[in-house]
Amino acid sequence: MFRAVFSFLISFTILFASSAYAHPGKTDANGGHTCRTNCEKWGLKTGEYHYHDKNGNIIRQKSKATGVPAIRVNSKHIVKVIRVVDGDTIDVRFSNGATSRVRFIGVNTPETVHPQKPVEKYGKEASNYTKKRLTNKTVTLEFDVGVKDKYGRFLAYVWIGKELYNETLVKDGYARVMTIQPNVKYQQRFLEAERKARQQKKGLWNA
């Protein structure tokens, strides 16, 4: 009788261990490992990386942090504006949930948040205008040849429907033209908008 009970306990222990700990193998620093043997038996592919929960159940590879989509030259991306930093800089969320900072191409509004400069004349007006126009709005970013600046910010033209917002800032006197090669696609439009704003003494040209 004792031997029968002992044999049953040994068999149960082995069966439970096999179920709870699907297969052997040390885990790495992330708490997971790669399946090398008998993978199909456990519903895995050979070489598939996975984890085990505290009960030994298999968990597929944890999802990695979502990165910004690949940004190609002259590409367009629909995003949501989640924060306006100042008149010419915004934070956006891409369709996959990734967020990033975007600096408008070809224009420059007076500074309001520069760590080494005081708030410049007409800066608050420009910042408030962009907050009013873009906060929580869905817009289209159009990229040019140079995708990022030296600070790691994306560089883009911002479209609200058919309105080129970069141009609007210049046309209404909230920004000056600032051309930095190689992003010159709409340079002539911006220069013409600035010429008219100067003539009409709009915004910062009348400040």
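The legends below walk through several close-up views of one predicted model.

**A note before looking.** Residue numbers start at 1 along each chain as its sequence is written, and side-chain values use heavy atoms, with hydrogens and water left out. Because this is a predicted model, local features need pLDDT of at least 70 and side-chain atom pairs count only at pLDDT 80 or more, while totals for chains, interfaces and linings use all residues.

**Figure 1. The whole chain, with four helices and eleven strands.** Helices (H or I, at least four residues) and strands (E, at least two) are DSSP runs, numbered from the N terminus. Of the 207 residues, 39% count as buried; buried means under 20% relative accessible area, exposed means over 50%, and partly exposed lies in between (1.4 Å probe, protein chains only). The accessible surface is about 13,200 Å², and carbon and sulfur atoms hold 52% of this surface. Such areas come from the Shrake-Rupley method with a 1.4 Å probe, and for residues only the protein chains shown count as cover. Contact means heavy atoms within 4.5 Å. Among contacts in the chain with a separation of 6 or more, 52% are between residues 24 or more positions apart.

**Figure 2. Strand β5 and its two partners, β4 and β6.** Two strands pair if DSSP finds at least two bridges between them. β4 and β5 run antiparallel and are joined by five bridges, with D86 opposite T89 in β5. A hairpin through two residues leads from β4 to β5. On the other side of the pairing list, β5 and β6 also run antiparallel, again with five bridges, and V92 stands opposite S100 in β6. Is β5 enclosed or open? Four of the five residues of β5 (residues 89-93) are buried, so the strand is largely enclosed by the rest of the structure.

**Figure 3. The hairpin of β5 and β6, with G97 and S95.** Five residues lie between these two strands, and G97 among the hairpin residues takes a positive phi near 95 degrees. S95 belongs to the loop between β5 and β6. With 74% relative accessibility, S95 counts as exposed. Try finding K80 too: S95 and K80 are 15 residues apart in sequence and 8.2 Å apart in space, C-alpha to C-alpha.

**Figure 4. S100, a residue of strand β6.** Its relative accessibility is 16%, so S100 counts as buried. Which residues is S100 in contact with, leaving aside its neighbours within four places in sequence? They are V68, I90, D91, V92, F94 and F154.

**Figure 5. The largest pocket, holding about 660 Å³ of space.** Of the 28 residues in its lining, R103, D149, Y151, R153 and M178 are the closest to the centre. A pocket is found on a 1 Å grid over the protein atoms alone: it is an open set of points with protein on both sides within 12 Å along at least five of seven lines, whereas a cavity is a set of points where a 1.4 Å probe fits but cannot get out, and lining residues have an atom within 4 Å of a point. Grid points are joined across faces, edges and corners, and a volume is the space filled by probe spheres set on the points. β4 (76-86) and β6 (99-104) each give at least two residues to the pocket lining, and β6 has the largest share, three residues. The lining is made up of ten nonpolar, eight polar and ten charged residues. Here Ala, Val, Leu, Ile, Met, Phe, Trp, Tyr, Cys and Pro count as nonpolar, Asp, Glu, Lys and Arg as charged, and the others, Gly among them, as polar.

**Figure 6. The largest cavity, with about 40 Å³ of space.** How many cavities of 30 Å³ or more are there? The count comes to one. Residues lining the largest cavity include I105, G106, Y157, V177 and F190. Its lining divides into six nonpolar, four polar and one charged.

**Figure 7. Backbone spots at P182, Y122 and N136.** Most residues other than glycine have a negative phi, and most peptide bonds are trans. Q181 and P182 are joined by a cis peptide bond, with omega about 5 degrees, and P182 sits in the loop between β11 (176-177) and α4 (187-199). Y122 is not a glycine, yet has a positive phi of about 70 degrees; its loop is the one between β7 (107-108) and α2 (123-134). N136, in the loop between α2 and β8 (138-142), has a positive phi near 65 degrees.
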